[in-house]
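With the model open in your viewer, please follow the stops below in order, making each selection before reading on.

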Amino acid sequence: AEVDETSMQIDDSDGTAYLTPDEEVELIRFYAGKIPFVVGPQAQISRLRFPEKVPATAGLLFRRFYLSNSVMIFDPKIVMIAAAFLASKVEDTMADVRYFGEATKLMEVPVSVEEILIAELALVSGVNFDVMCFHSFKPVLALTEDIGTYLKSEKGRNTISGSRIVTGGDLRPRYEAAKQLVDDVCVSDIPLLYSPGKIGFAALIVANDNIQTKAKAKGNNDFPTIDFYGYLSHRFESSHSKEDCEKIKHQISELALMIGEIKDGKHSCGNHAVDMATLKYINKKLKKCRLWGRKEKSKSKKKKRKSVDDAKE
């Protein structure tokens with residue numbers, strides 16, 4: 001049966017019937033923050049506990065899709081699950097789609113297998129069949145190892161201030177802190193704006209600054225201070241011009257500020273400062289203007305009307 005077109009018309013005479021772009025972003029932000037609990041190291045279903053690259057890919061596919069689509073047309077809850085399922089295949093860690101359905105039941109927002117598969121087709125088409133994703137986890141590791149090697153050189157020692165040399169034990173906490181920052185970045189819109197290498201380096205800078213600030217607060221004057229910007233200038237001076245290095249330093253400096261703001265809920269990060277009262281209002285508004293879910297409602301009304309007519313006869 002076809003949907004009654006009159007039931008799809010929405011009165012927008014006052015300009016408030018549809019969601020605003022900011023309201024759509026809030027919903028996307030919320031559902032992006034739920035992806036790590038569906039698939040990845042934090043997944044509630046043990047069969048869906050995959051490496052961090054899987055939820056990172058799911059989050060990126062999810063956000064790419066909504067760059068050219070609307071939550072009023074495609075249910076973000078179902079698209080989120082479809083993104084997690086598709087990401088598991090993209091990253092060669094595929095799991096049975098039924099486990100993803102079980103995950104939605106544990107989250108008390110059940111999604112059927114049929115709905116996931118239908119949404120997956122829309123998702124693949126929505127990202128223009130470009131499912132390849134790159135993340136900052138490997139750049140963070142590669143940069144940490146390269147910095148460790150570089151600091152042992154004569155030029156590298158000049159970028160360190162402190163009473164002792166830097167060891168692998170000093171770089172380890174910086175690496176772990178940077179990885180945690182990258183986890184937050186993956187559920188924000190920053191990966192849509194910057195390359196993985198720049199994000200990884202900026203995350204190391206923020207992690208380094210945070211660790212050094214804490215060390216100074218504790219009065220640890222023996223703690224070595226690493227000049228990451230100095231590393232950037234000296235390490236690549238032979239392969240890049242001075243102007244290029246300065247341009248890259250400026251971009252990374254801006255990016256580091258953005259990553260530092262994530263904990264305040266900025267840049268659409270789904271892990272921090274999510275306003276549930278605002279989301280409740282947006283969801284209430286969404287129920288009046290969404291297209292998904294209306295077809296089933298129309299069908300149920302027709303079936304009810306038909307059963308009443310049959311009873312009268």
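Select the cysteines and display their sulfur atoms: in this predicted model, the count of disulfides comes to zero. Centre the view on Cys269, which takes part in no disulfide, the nearest cysteine sulfur being that of Cys186 at 9.9 Å, whereas a disulfide would need the two sulfur atoms within 2.5 Å. Cys269 is buried, with a relative accessible area of 0%. Move next to Cys133, which also counts as buried because its relative accessibility, 10%, lies under the 20% cut-off.

Now select residues 137–150, which make up helix H6. The 14 residues of H6 should span 20 Å at 1.5 Å a residue, and the C-alpha atoms at its ends are 20 Å apart, so the expected and the modelled lengths agree. Colour Phe137, Pro139, Val140, Leu143, Thr144, Ile147, Gly148 and Tyr150, which are the buried residues of H6. Because these residues cover an arc of only 165 degrees around the axis, they lie on the same side of H6. Then turn to the face of H6 that points away from its buried side, where the exposed residues Lys138, Glu145 and Thr149 are carried.

For the next stop, select Leu19, Leu27, Leu48, Phe62, Phe100, Leu123 and Leu286, the residues with the most contacts inside the largest nonpolar core, which has 48 residues. Show as ribbons the elements that give two or more residues to this core, namely helix H1 (21–38), helix H2 (53–65), helix H3 (76–90), helix H4 (97–106), helix H5 (113–126) and helix H12 (276–289). Of these, H3 gives the most to the core, with ten residues.

Which residues are in contact with Phe100, leaving aside its neighbours within four places in sequence? Selecting around Phe100 should bring up Val38, Val39, Leu48, Ile81, Ala84, Phe85, Ser88, Ala95 and Ile116. A second, separate core of 35 residues can be found by selecting Cys186, Val187, Ala203 and Leu255, which are included in it.

Finish at Leu279, which is found in helix H12 and counts as buried at 3% relative accessibility. Leaving out residues up to four places away in sequence, Leu279 touches Glu26, Leu27, Phe30 and Val274. If you draw a distance between the C-alpha atoms of Leu279 and Leu27, it should read 7.0 Å, although these residues are 252 residues apart along the chain.

Definitions and conventions. Residues are numbered from 1 along each chain as its sequence is written. This is a predicted model: local features need pLDDT of at least 70, side-chain atom pairs count only at pLDDT 80 or more; totals for chains, interfaces and linings use all residues. Side-chain values use heavy atoms; hydrogens and water are left out. A nonpolar core is a set of buried Ala, Val, Leu, Ile, Met, Phe, Trp, Tyr and Cys residues joined through side-chain atoms within 4.5 Å. Buried means under 20% relative accessible area, exposed over 50%, partly exposed in between (1.4 Å probe, protein chains only). Helices (H or I, at least four residues) and strands (E, at least two) are DSSP runs, numbered from the N terminus. Contact means heavy atoms within 4.5 Å. The expected span of a helix is 1.5 Å times one less than its number of residues. The arc is that of the directions from the helix axis to the C-beta atoms.
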